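Q: Got a model open here. Can you walk me through it?

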Number of protein chains: 2
Amino acid sequence: MEKQTVTIYDVAREAAVSMATVSRVVNGNPNVKPATRKKVLEVIDRLDYRPNAVARGLASKKTTTVGVIIPDVTNAYFSSLARGIDDIAMMYKYNIILTNSDENGGKEVQVLNTLMAKQVDGIIFMGNQVTDELREEFKRSKAPVVLAGSVDAEKAQPSVNIDYVAAVAEAVKNLIDHGNQKIAFVSGSMDQAINHDYRLKGYKKALKDAGISYDDKLVFETDYTYKAGQSLEPALTAAGATAAFVGDDELAAGVMNGLTDAGVDVPGEFEVITSNDTKLTELVRPKMSSITQPLYDIGAVAMRLLTKLMNNETVDENTVILPYGLMKRSSTK
Amino acid sequence: MEKQTVTIYDVAREAAVSMATVSRVVNGNPNVKPATRKKVLEVIDRLDYRPNAVARGLASKKTTTVGVIIPDVTNAYFSSLARGIDDIAMMYKYNIILTNSDENGGKEVQVLNTLMAKQVDGIIFMGNQVTDELREEFKRSKAPVVLAGSVDAEKAQPSVNIDYVAAVAEAVKNLIDHGNQKIAFVSGSMDQAINHDYRLKGYKKALKDAGISYDDKLVFETDYTYKAGQSLEPALTAAGATAAFVGDDELAAGVMNGLTDAGVDVPGEFEVITSNDTKLTELVRPKMSSITQPLYDIGAVAMRLLTKLMNNETVDENTVILPYGLMKRSSTK
DNA sequence: CGCAACATTGAAAACGCTTTCAAGTCAAAG
DNA sequence: CTTTGACTTGAAAGCGTTTTCAATGTTGCG
C-alpha cells in the first residue's frame with residue numbers, strides 16, 4: 001500500500017555506478033564523464049527518482065529553507081514584505097517556513113527555537129519588539145538573522161528598513177505646513193521600538209523644527225486594528241487635534257472612517273496621513289496620503305541580504321536603508 | 001568559530017546512558033525510570049541540547065511540516081485562510097512551508113515537487129485551476145493533499161469550502177429582488193473552476209429561477225485586481241447593467257470605486273455585492289455587501305482535516321462544506 | 001613506449017536521530 | 001528460592017544523502 005520510494009541506491013544499482021556518481025550527476029558536479037551522466041540521467045528518469053531533501057539536509061548540513069517570523073500574514077504591510085521575501089527566496093532556491101507570532105515575545109522565542117531545530121539556513125524576522133531574550137536567541141543562532149521592515153534599538157542584527165525618523169518627520173512637517181498646530185500621533189504599542197524610538201522621534205523633531213511644543217495628550221497609543229482607529233474619533237476631536245499621523249494603514253482607515261462617520265470632513269476639517277502605503281490607501285475614500293515605502297523591496301532586499309549571509313559572503317553594509325517617499329492623496333490638503 | 005552542536009550522543013555519554021534512552025526521554029516515551037529521566041533531563045539542560053529535526057525527520061520519516069501553496073499571500077482572502085491554517089498547524093505542532101504560486105500551473109507543479117522532495121507530511125493547496133498535471137502530482141504524492149477554499153471540478157481531493165453555487169445564487173437573487181434585471185457577473189479567469197463551474201452556475205440559476213434570460217454580454221472576465229475593477233466602469237454602464245456580482249473583494253472595491261468616481265451612485269444607481277467578506281468590505285465606502293464566508297475557519301478546518309489524514313485517521317467526510325451567509329451592507333439597497 | 005598529470009569513479013564514513021530486538025532487572029507470585 | 005512477567009535499558013541497524021580519499025583510467029608528450 002505504502003508508496004515505494006526509490007533511493008539513490010536504487011539508481012546506482014540500475015545504472016551500474018556508485019551512489020557517489022549518482023550524487024554527482026544529481027548535483028550537477030562536472031566531474032562526470034558525459035556518457036556516464038547520460039546513463040544515470042536515463043535511469044533517474046525511468047525510475048522517477050526524486051532526491052530526498054531531508055537526507056540531503058542531514059548529510060550536507062544545509063536545508064535550503066529559511067524561517068520567516070511574521071506578526072500576522074493577514075496584515076497588508078507584512079504580507080507585502082512576505083511576498084518579496086518568498087519571491088527572492090524562490091529565485092535562490094530556498095523555501096520559506098512562515099509562522100505568525102502576533103508579536104508575542106514568548107511565541108517568538110518558541111518559534112525561533114523550532115526553526116533552529118529544523119535547521120533552517122537563515123531567518124528573517126519581522127516584529128518591532130526585540131526583547132532581550134529574543135536578542136539572546138538571535139545571538140546563539142548559527143543561522144544568520146535579518147530583520148525586515150522592523151527595527152531593533154540595539155541594531156545588533158542586519159536589517160532592511162527605511163529611515164523612519166526622517167519619514168515621519170517629513171510627514172508631520174507636511175501636516176504642519178498645512179497650518180495644523182495640533183497634530184495627533186496615533187500608533188500601536190509604545191513598547192515597540194519603531195514607535196517610541198523612531199516614529200515618535202520623527203514626530204517630535206518635526207514639531208520642534210516648527211517651534212510647536214510637544215503635548216503628550218496628542219499621543220494615542222492603541223491597537224493596530226481598524227476598529228481601534230474607528231473608535232478613536234471622540235478622543236481625537238476632544239483633544240482638539242486637526243490632523244493625525246497614523247502608524248498603520250488599517251488603523252488609519254479606521255481613524256478616517258471614524259471621523260467621516262462622525263461628520264468630520266477629511267481632509268477639510270481633519271487631515272490624516274498614514275505610514276505604510278499598502279493597497280488600502282487607494283481603496284478608501286478619500287484615498288489616504290501616506291509615507292511610501294518599497295514594501296516588496298524591503299522583503300526582497302532582506303532575503304537577498306540573507307542569501308549573502310548564508311553564503312558567508314562579506315556584505316558591505318549590514319543595515320540597509322531603502323528610500324521612502326511621501327504620496328499626497330486626498331486625506332490631506 | 002563554527003558553533004558547536006551538541007548531539008544526542010553527547011547527552012548519552014554525559015548522562016551515562018544510551019542514545020536510545022535519551023531519545024526516549026526527549027520524545028516523552030513513558031518507558032523510562034523516573035530517576036533516569038531526571039538525570040537525562042539535567043544533562044540536556046546543562047548541555048543545552050536541542051534535537052536536530054532534520055535527523056529526526058530522516059529517521060522517523062516524519063517532518064512535522066506541511067506545505068501550503070497559496071496564489072498570493074498579499075490577497076486578503078487567501079491570507080485569511082493562511083492564518084487559520086498556520087494557527088491550527090501550530091496547535092498540532094506542525095510548521096508551514098508557504099509558497100506563492102500566482103495560480104501558475106507550471107509553478108504549482110514545480111513547487112509541489114520541491115515540497116514532496118522536502119518530505120512534507122501533508123499539503124494544503126489553494127488555487128482554482130487544478131490542471132490534469134497537478135491532479136497527477138496529487139495522486140502520486142504520498143503526503144495527503146487537501147484543498148482549502150478552492151474547488152476542483154473532479155472532486156478528487158479532500159477539500160473544505162462553502163457551497164459556492166448556492167451562495168452566489170442567493171446573492172444574485174438578492175440583487176434581482178431589488179428590481180435589477182441586468183446584473184453583471186464579474187469574476188476572474190473563466191479557466192478557474194470556481195468561476196465557470198460554480199459561481200457562474202449559481203448566477204445562471206438565480207436568473208433562471210427569476211425568469212431572466214442569461215446574456216453573456218453581462219459576463220466580465222478580468223483580473224483579480226483593484227485596477228481591473230476600476231477600469232470596468234465604462235463597459236459596465238455600456239452594457240446597461242444596474243448591479244453586479246463580483247467574485248473578489250479587491251476587484252469589487254475597484255468596480256465600486258470606478259463607478260463612484262464616474263459619478264454613478266452606489267447603491268442608488270448601481271448595486272454591487274461581493275464574495276469574500278474580507279476586512280476590505282468594511283473599509284470602503286459604501287461598505288460592501290457580501291457573501292460571508294468563515295475564512296479563518298476554512299483554513300483551520302482544512303488544516304485540521306489534514307492532520308487527521310496525516311494521522312491515518314478515518315474521516316467521515318472528505319469534502320466539508322462550511323456555512324455561508326449574506327451580509328447586507330451599504331453597496332446594495 | 002614510459003610517465004606525469006589529470007579526469008573519473010567507488011568505498012565507506014559520516015550526518016544525528018529513531019526504532020527494533022534482545023538482554024538484563026526486579027518484584028510479586030508460587 | 002525459583003519463576004514469571006512487567007519494566008528498563010542498550011546495541012546496532014537503519015534513514016537517504018554528501019563527501020573525502022584513494023584507486024583506476026586516460027591522455028599528452030618527450
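A: Sure. One term to start with: buried area is the accessible area, with a 1.4 Å probe, that two parts lose on being put together, summed over both. Keep in mind that this model is predicted.

Q: OK, so what is the area buried between chain A and chain B?
A: About 4900 Å². Carbon and sulfur atoms give 50% of that area.

Q: And how many residues are in contact?
A: On chain A, 56 residues, which touch 55 residues of chain B.

Q: How many salt bridges between the two chains?
A: The count is 12. One salt bridge joins Arg83(B) and Asp102(A), at 2.8 Å from N to O.

Q: Which elements of chain A give residues to that side?
A: Those giving two or more include helix 5 (76-91), strand 2 (95-100) and helix 12 (249-261). By class, the chain A side has 19 nonpolar, 18 polar and 19 charged residues.

Q: Switching to cavities. How many of 30 Å³ or more?
A: Six. The largest holds about 300 Å³ of space.

Q: What lines the largest one?
A: 27 residues. Thr74(A), Ala76(A), Leu280(A), Ala76(B) and Leu280(B) lie nearest its centre. Helices 5, 12 and 13 of chain A and of chain B each supply at least two lining residues.

Q: And the second largest cavity, how much space?
A: About 240 Å³. Its lining has 14 residues, with Val54(A), Thr65(A), Lys118(A), Val54(B) and Lys118(B) nearest the centre.

Q: Which element gives the most there?
A: Helix 4 of chain B, with three residues. By class, that lining has seven nonpolar, five polar and two charged residues.

How values were computed
Residues numbered from 1 in each chain as written. Chains lettered and ligands numbered in written order. Predicted model: local features only at pLDDT ≥ 70, side-chain atom pairs only at ≥ 80, totals over all residues. Heavy atoms only, no water. Contact = heavy atoms within 4.5 Å. Salt bridge = Lys/Arg side-chain N within 4 Å of Asp/Glu carboxyl O. Helix = DSSP H or I, 4+ residues; strand = E, 2+ residues; numbered from the N terminus. Nonpolar A, V, L, I, M, F, W, Y, C, P; charged D, E, K, R; others polar. 1 Å grid on protein atoms, 1.4 Å probe; cavity = no way out; pocket = protein on both sides within 12 Å on 5 of 7 lines; lining within 4 Å. Points joined across faces, edges and corners; volume = space filled by probe spheres on them.
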